[in-house]
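Reader: I am new to this structure and would like a close look at a single part of it, namely the strands of chain B and what surrounds them. Could you take me through that part carefully, in one connected account?

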Amino acid sequence: MTEKNLVITEKNDNFLTLEPEKTSKENIFLIIAIFGFILLFISWYQIESLLWNRIRYTTGSGWVSVAPIYQNTSLTDMRYMITSYLVMYLLGILCNFVIVAFLLKIIMIDKIWNEKVKKLTVVLSISSGLTSITGFWLFNSIWVIEGIKLITDTGQPGYDWVRIDIGDLSQFIFIIGIIISIIFFILTILTIIFLIGNREKKAAKPGMKQNVGDVIRNILLNIPFYLVLIFYLIFTLLPVYLTLKISISTFSGVSTAEVKEPIKALIINYSSVIFSVSKDETQFGSAFLRSIFLGIGTGTIGLIVAVSAAYALARFKFRGNKFFTFLIISTQMFPGLILLIPQYIIWSTLGLLEEKVVILGVLLASSTGATAYCTWMMKGYFETIPIDIEEASIMDGAGKVGTFVKIALPLVKSGMVAVLLFTLITSWQDFVLARTFIQAETKQTLPLLFYNYQNMATSDAPVYFDLVAPYSIIVALPIVTFFMLLQKTLAVGAVAGGIK
Amino acid sequence: MAKIIFENVTKKFGEFIAVKNLNLEIDDQEFVCLVGPSGCGKTTSLRMLAGLEEISEGVIKIDENIVNDIPPKDRDIAMVFQSYALYPHYTVYDNLAFGLRSRQKVKSANFILSTMEILFYGIIAILFWAFCRYILNFIPFLTGNGILFFWAGLFGVSLMLVMFPESRHDIHNLIISFGSKFNKSIVQLQEEEVNINEKVKETIKLLGIEKQLWKKPKQLSGGQRQRVALGRAIIRNPKAFLMDEPLSNLDAKLRVQMRAELQRLTNKLKATTIYVTHDQIEAMTLGDRIVVLNEGIANQIGTPKEVYNTPLNQFVAGFIGSPSMNFVNGKIINKDGGKVFHSESFSYKIPERYLIGIEDFIEKDVILGIRPEHIELNRSETNNSLSATIGVLEPIGSDTYVYIDFPEFIEMIAKVEGIASFKIDEQIKVKFLDDQLHFFDADSKMRILPKGGIADSQK
């Protein structure tokens with residue numbers, strides 16, 4: 001036998017080819033989509049912050065505008081800016097393509113990749129690409145127009161070429177862009193709906209059809225239930241609604257917020273948060289990255305420690321098992337705040353509070369706090385696995401470590417995701433620890449940045465709601481996205497089918 | 001295949017004794033059924049043999065080797081669980097191959113391969129990064145954006161995998177062919193993988209689940225899951241099979257079907273098998289020998305025929321057979337020159353066959369046992385018959401179970417072939433088949449042997 005024969009390469013032999021799992025393909029698409037978004041965001045942020053780092057909040061007035069930057073922008077800078085927009089949105093097209101491909105993959109998962117589908121893919125990717133391009137023009141031209149308007153309104157000297165060369169052009173492109181993007185957006189949505197609808201039609205059995213009468217009766221019967229739900233929804237969604245409303249309104253105040261010119265207000269409010277540099281030189285983007293690092297780091301460290309500890313507590317009989325479990329739970333029985341000062345002293349003795357490593361210090365502190373709770377949660381998840389499955393694996397010769405890695409861990413995937421999300425959220429919104437540990441003004445995290453908005457308050461505007469609201473939404477978005485992506489993993493019972 | 005010996009095996013859970021002094025010798029290729037009511041220690045015995053439960057006292061030997069301290073994976077025995085215990089996240093193929101893969105001798109190869117794969121992707125990521133860092137750096141507005149290029153590396157690798165999904169496969173093969181040049185264990189791994197493939201092929205053909213190969217357990221029906229669970233045991237060709245009520249989760253019809261299939265399979269494989277069940281029909285049909293357990297004690301060990309015809313005590317007699325044996329308490333007295341079994345409701349003249357054995361028990365309490373299928377019902381009087389009335393009739397198609405009421409509220413069940421023509425409350429004559437009677441000592445509940453004396457369960 002030659003070496004070539006030994007390698008399993010015969011793809012024609014269905015048997016020998018270890019079929020790659022469909023789910024893993026989906027996962028890759030998801031990963032790409034997330035990376036795409038991150039890339040888009042970061043490139044956006046990086047480019048913008050380079051050019052616009054002279055932006056400051058005008059703290060005296062309620063309005064914070066980014067538009068006056070045009071006054072100080074040179075011609076070369078302007079060209080760079082536009083080129084960077086172009087590059088950024090080309091990347092956006094790529095990401096869009098990936099997302100569309102991802103959607104298609106989900107829909108087409110059981111279908112054969114035929115000519116029709118190929119054509120659809122091309123149409124979809126082109127339309128999404130065009131949406132991106134038009135979106136670019138839409139976005140860019142709004143900036144330019146706003147800049148011109150402000151210049152003319154305030155009567156301050158600006159560059160004439162802006163008004164003459166780009167101003168008219170951009171208005172034209174702006175209108176065309178809106179029309180084209182709307183058309184393609186509708187096309188994309190329609191195609192996806194068409195595809196999904198087709199799939200559902202095939203899946204539904206002929207006997208499952210309901211009469212109109214049945215449907216109406218069902219709705220009528222459910223009315224009281226719906227009423228209660230609506231009532232509940234109003235209460236839960238009211239703050240969210242208010243936040244969203246304020247974030248696109250032009251007046252800083254909760255009760256006085258009015259939605260006038262929502263697009264303009266949206267752009268100005270959100271960009272004020274994202275692109276601007278606060279008083280103490282902390283940029284939003286770097287704080288965002290720092291917070292992501294802390295969140296994912298805490299989650300990972302907490303999970304790695306918790307999973308192994310929880311498995312030992314759940315599955316191994318040893319002297320003091322219950323006592324150790326109690327010890328771990330007992331750490332949750334007193335407020336963590338009372339540990340803060342001792343922790344601070346220890347950390348500073350160890351030199352973990354120096355500016356260069358302070359983020360690692362915070363990471364260490366927050367993950368020690370998270371580990372106990374994670375262990376407790378994971379123990380519960382491990383106990384849900386039927387012991388039979390693990391015993392079967394031991395009988396099959398996998399040994400205890402093999403059983404843990406190959407059988408137990410995949411089965412508590414949903415638990416791991418839940419724990420990861422929990423720790424991620426906790427460290428994402430952790431303020432007290434960060435505030436105590438981080439003294440360097442260049443090492444702020446998102447909650448600390450938020451705190452700075454409060455510091456800016458004057459007697460005229462006690463709270464900058466038009467900053468606070470978009471900030472809250474931007475900060476909530478990653479977590480919401482995570483939840484939406486991982487929802488499926490959380491919901492599906494892992495052990496289904498393994499035992500009777 | 002192997003010989004298995006239990007020597008005075010005892011299992012204690014604290015104060016509670018689950019299995020007491022179990023002595024059992026299972027020959028090579030023998031099919032032994034452990035049967036008994038729930039909580040009698042049959043599953044515990046099996047788990048002790050499997051190594052999932054520690055042995056409190058005594059010794060278990062497989063092939064003359066004491067296995068008390070040998071971990072389960074080194075005992076080379078396979079177990080089929082009541083709940084199937086399939087791995088829900090694996091396909092049928094991987095479920096079957098798991099046991100073989102875990103026993104691979106070249107475990108280091110897997111580690112080397114995965115490390116190489118990670119390194120490979122890492123190198124690609126670094127190349128992407130370097131490309132962005134040093135080529136794109138000349139574009140003015142991208143200068144100095146290190147973090148952007150870091151993400152670009154990861155993005156590039158992911159992009160590659162999405163654009164060319166097949167490439168993962170090719171890279172895997174590339175790494176294997178590259179690695180096998182300097183590491184022999186990877187070559188061995190490939191050889192073993194081919195062997196595993198062959199074995200899985202054989203096994204699924206044997207079990208008739210070819211079409212289910214790439215499905216996951218939750219997509220399978222109960223019978224198919226059962227087959228996969230069996231296949232997982234068969235594929236390793238172990239020294240012995242342990243089956244812990246494998247059919248009890250199936251519905252009645254499928255259970256009968258699988259029972260026959262299991263019999264065919266074990267005949268073909270000629271494997272040493274220990275089968276635990278609470279269903280005496282399964283035990284009778286499948287087992288070469290049956291071990292009847294009660295409260296941790298082996299009451300009788302014997303072939304199905306022995307257990308059925310000569311039960312050693314009242315428990316075994318009552319447990320084996322359906323409907324179960326009728327018991328009547330009474331005394332043996334001398335009457336009219338012969339010996340008579342005298343109970344509250346009837347007196348029955350003892351046939352000649354039992355006279356020698358009964359001699360020691362005259363004027364003592366005994367229990368008469370008679371199986372339902374050994375009772376004859378007639379409308380007219382015959383020799384040595386008793387009179388009774390019909391209480392209840394339970395026709396089940398092929399047979400009818402007739403509940404006969406004797407005076408003093410003694411009830412018996414008789415099994416009559418076909419649909420019985422009797423009516424309820426009808427007066428009938430009952431006749432016991434002369435050579436099918438069982439007598440038990442009322443004190444020890446042990447069988448009174450026709451030769452004389454009582455049976456000894458320790459034998």
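Author: Strand 1 of chain B, which covers residues 4–13, is joined to strand 2 of chain B by seven bridges, and the two run antiparallel. This is a predicted model, and what follows should be read with that in mind. Within the pairing, B:Phe6 has B:Leu24 of strand 2 of chain B opposite to it. These two strands belong to an open sheet of four strands in chain B, whose order is 2-1-4-5 and whose pairing is antiparallel. Its edges are formed by strand 2 and by strand 5 (65–66) of chain B, each of which pairs on one side only. As general background, the strands of a sheet pair through backbone hydrogen bonds, in either a parallel or an antiparallel manner.

A contact between side chains also involves this sheet, for B:Lys12 and B:Glu57 meet in a salt bridge with an N to O distance of 3.1 Å. Because B:Lys12 lies in strand 1 of chain B and B:Glu57 in strand 4 (residues 57–62) of chain B, the pair ties together parts that are 45 residues apart in sequence. Both partners are partly exposed, B:Lys12 with a relative accessibility of 36% and B:Glu57 with one of 40%.

Charge appears again on the surface, where B:Asp27, B:Asp28, B:Asp63 and B:Glu64 gather in a patch of negative charge. One of these, B:Asp28, sits in the loop that runs between strand 2 (16–26) and strand 3 (31–35) of chain B. With 41% relative accessibility, B:Asp28 counts as partly exposed.

Further along the chain, strand 14 of chain B, made of residues 365–370, is largely enclosed by the rest of the structure, because five of its six residues are buried. It has two antiparallel partners to consider: six bridges join it to strand 11 (residues 326–335) of chain B, and five bridges pair it with strand 20 (residues 437–441) of chain B. In the pairing with strand 11 of chain B, B:Val328 stands opposite B:Leu368, while in the pairing with strand 20 of chain B, B:Val366 stands opposite B:Asp441.

The approach to strand 11 of chain B holds a feature of the backbone, since B:Pro323 is placed in the loop between helix 11 (314–319) and that strand. The peptide bond that joins B:Ser322 and B:Pro323 is cis, with omega at about -5°.

The loop between helix 12 (355–358) and strand 14 of chain B contains B:Glu359, whose partner B:Lys339 lies in strand 12 (residues 338–342) of chain B, so the pair ties together parts that are 20 residues apart in sequence. B:Lys339 and B:Glu359 form a salt bridge in which the closest N and O atoms are 3.9 Å apart. The two ends differ in their surroundings, as B:Lys339 is buried with a relative accessible area of 17%, whereas B:Glu359 is partly exposed at 48%.

Strand 15 of chain B, residues 375–378, shows an alternation of side chains, in which B:Ile375 and B:Leu377 point to one face and are buried, while B:Glu376 and B:Asn378 point to the other and are not. In a regular strand, side chains do alternate between the two faces of the sheet. Strand 15 of chain B is joined by four bridges to strand 19 (residues 427–432) of chain B, and these two run antiparallel. Here B:Ile375 stands opposite B:Phe432 of strand 19 of chain B.

Two loops that follow strands of chain B hold residues other than glycine with a positive phi. B:Tyr84, in the loop between strand 6 (77–80) and helix 2 (92–102) of chain B, has a phi near 70°, and its relative accessibility of 0% makes it buried. B:Glu245, in the loop between strand 7 (240–244) and helix 8 of chain B, has a phi near 45°, and at 8% relative accessibility it too counts as buried.

Finally, chain B also meets chain A through charged side chains, with A:Asp396 and B:Arg232 forming a salt bridge whose closest N and O atoms are 4.0 Å apart. This pair crosses between chains, from the loop between helix 13 (387–395) and helix 14 (399–411) of chain A to helix 7 (residues 222–234) of chain B. A:Asp396 is buried at a relative accessible area of 4%, and B:Arg232 is buried at 4% relative accessibility.

Notes
Residues numbered from 1 in each chain as written. Chains lettered and ligands numbered in written order. Predicted model: local features only at pLDDT ≥ 70, side-chain atom pairs only at ≥ 80, totals over all residues. Heavy atoms only, no water. Patch = residues over 30% accessible without salt bridge, like charges linked within 9 Å, V, L, I, M, F, W, Y side chains within 5 Å. Areas by Shrake-Rupley, 256 points an atom, 1.4 Å probe, with all protein chains shown as cover. Lys, Arg positive; Asp, Glu negative; His and termini not counted. Charge placed at Lys NZ, Arg CZ, Asp CG, Glu CD. Buried < 20%, exposed > 50% of the residue type's maximum accessible area, 1.4 Å probe, protein only. Pairing = 2+ DSSP bridges.
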